[in-house]
Amino acid sequence: MKIKLIPGDSAGTVTAFYMNSDTDTRRDELDFEFLGNRTGQPYTVQTNVYAHGKGDREQRVNLWFDPAADFHTYSILWNHKHVVFAVDEIPIRVYKNNEAKGIPFPKFQPMGIYSTLWEADDWATRGGLEKIDWSKAPFYAYYKDFEIEGCPVPGPASCASNIKNWWEGPAYQQLSSIQARNYRWVRMNHVTYDYCTDKSRYPVTPPECIAGI
């Protein structure tokens, strides 16, 4: 999806582009959440992964451009090997399939694709310190050029064996060398929060962090 985010003072808002299984008890979900900011401050994108009903796997990245000035491409690659969140084809997060180590991975339920723009000023900007300035309303985000390819319901049992599905092919089982270099650049320079290293929330490191995400 190409998205142009809310310009100016967007503090307290969250623009979301995400996949969701629409199930209450064992929800699977893959999130892009764009956290609003006070004018001139960096825009933060938060990603989250829910697998078999377990979420709370937030990571945050400060974008290296002004996402309200023009459209940029935000994509999710979801196959049986990993989930890759990317911005303008640059990976910002990889969540690998570590089922062999007993770690849940979202693959048993179909997911729909959604987008929302909502008020979240109790947490979205500086942990809720910055509130929405309603004098700046209405708030608009813009979308265009949406593309989707995937296995239709009732997949995905036969999905991986279908040679027509390019996203399951060898080239998409792992990051390319260029993607890996760009991914390291993002992780070293633009990550502002990673649940894997948050000892106040997780005194014991979550198993997927140890296994490699």
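# Reading a predicted sheet and its pockets

Modeller: Start with D145, which is placed in the loop between strand 10 and helix 1 (177–189). The model is predicted.

Colleague: What is the phi of D145?

Modeller: Most residues other than glycine have a negative phi. D145 is not a glycine, yet its phi is positive, about 55°.

Colleague: How exposed is D145?

Modeller: Partly exposed runs between the buried limit, under 20%, and the exposed limit, over 50%. D145 has a relative accessible area of 46%, so it counts as partly exposed.

Colleague: Which value does phi take in R126?

Modeller: A positive one, near 50°, again in a residue other than glycine. R126 belongs to the loop between strand 9 and strand 10. R126 counts as exposed because its relative accessibility is 52%.

Colleague: Next, peptide bonds. Is the bond from A137 to P138 cis or trans?

Modeller: Most peptide bonds are trans. The bond from A137 to P138 is cis, with omega near 0°. P138 lies in the loop between strand 9 (112–119) and strand 10.

Colleague: Now the sheet. What is the strand order?

Modeller: Strands of a sheet pair through backbone hydrogen bonds, either parallel or antiparallel. Here an open sheet of 5 strands runs in the order 8-7-6-1-10, with antiparallel pairing. Its edges are strand 8 (90–96) and strand 10 (142–144), and each pairs on one side only. From one strand to the next, the twist averages 20°.

Colleague: How many bridges join strand 1 to strand 6?

Modeller: Strand 1 (residues 2–4) and strand 6 run antiparallel and are joined by 2 bridges. I3 has H72 in strand 6 as its bridge partner.

Colleague: How many bridges link strand 6 and strand 7?

Modeller: The antiparallel pair of strand 6 and strand 7 has 5 bridges. A hairpin connects the two strands through 3 residues. To find the register, look at I76, which stands opposite F85 in strand 7.

Colleague: And which residue in strand 8 stands opposite F85?

Modeller: That is R93. Strand 7 and strand 8 pair antiparallel over 6 bridges. Their hairpin has 2 residues between the strands, and D88 there takes a positive phi near 50°.

Colleague: Is strand 7 mostly covered or open?

Modeller: Use the cut-off for buried, under 20% relative accessible area. Strand 7 is mostly covered, with 6 of its 6 residues buried. Check both faces. H82, V84 and A86 point one way, V83, F85 and V87 point the other way, and all are buried.

Colleague: On to the pockets. How much space lies in the largest pocket?

Modeller: The largest pocket holds about 1,300 Å³. Its lining has 44 residues, and I76, L77, W78, E149 and W166 lie nearest the centre. Strand 2 (13–20), strand 6 (72–78) and strand 7 (82–87) are the elements that give two or more residues to that lining.

Colleague: Which strand gives the most to the lining of the largest pocket?

Modeller: Strand 6, with 6 residues. I76 links the two topics: it stands opposite F85 in strand 7, and it is among the residues nearest the centre of the largest pocket.

Colleague: How do the lining residues of the largest pocket divide by type?

Modeller: Into 26 nonpolar, 10 polar and 8 charged residues.

Colleague: How much space lies in the second largest pocket?

Modeller: About 220 Å³. Of its 14 lining residues, P42, T44, N62, A124 and R126 are the closest to the centre. R126 is the exposed residue from before. Strand 5 (59–62) and strand 11 (191–194) each supply at least two lining residues of the second largest pocket. By type, its lining divides into 4 nonpolar, 8 polar and 2 charged.

Colleague: Last, the record. Which residues does UniProt list for "active site"?

Modeller: The unreviewed UniProt entry lists E29 and E33 under that name. Such annotations may be inferred rather than shown by experiment. In the model, E29 lies in strand 3 (residues 29–35). E29 has a relative accessible area of 7%, so it counts as buried.

Colleague: And which residues does UniProt list for "domain: GH16"?

Modeller: Residues 1–143, again from an unreviewed entry. Over that stretch the chain is 0% helix and 41% strand. The end C-alpha atoms of residues 1–143 are 7 Å apart.

Key
Residues are numbered from 1 along each chain as its sequence is written. This is a predicted model: local features need pLDDT of at least 70, side-chain atom pairs count only at pLDDT 80 or more; totals for chains, interfaces and linings use all residues. Side-chain values use heavy atoms; hydrogens and water are left out. On a 1 Å grid over the protein atoms alone, a cavity is a set of points where a 1.4 Å probe fits but cannot get out, and a pocket is an open set with protein on both sides within 12 Å along at least five of seven lines; lining residues have an atom within 4 Å of a point. Grid points are joined across faces, edges and corners, and a volume is the space filled by probe spheres set on the points. Helices (H or I, at least four residues) and strands (E, at least two) are DSSP runs, numbered from the N terminus. Ala, Val, Leu, Ile, Met, Phe, Trp, Tyr, Cys and Pro count as nonpolar, Asp, Glu, Lys and Arg as charged, and the others, Gly among them, as polar. Two strands pair if DSSP finds at least two bridges between them. Axes are lines fitted to C-alpha atoms, for helices over the stretch in contact, and angles run from 0 to 180 degrees between N-to-C directions. Buried means under 20% relative accessible area, exposed over 50%, partly exposed in between (1.4 Å probe, protein chains only).
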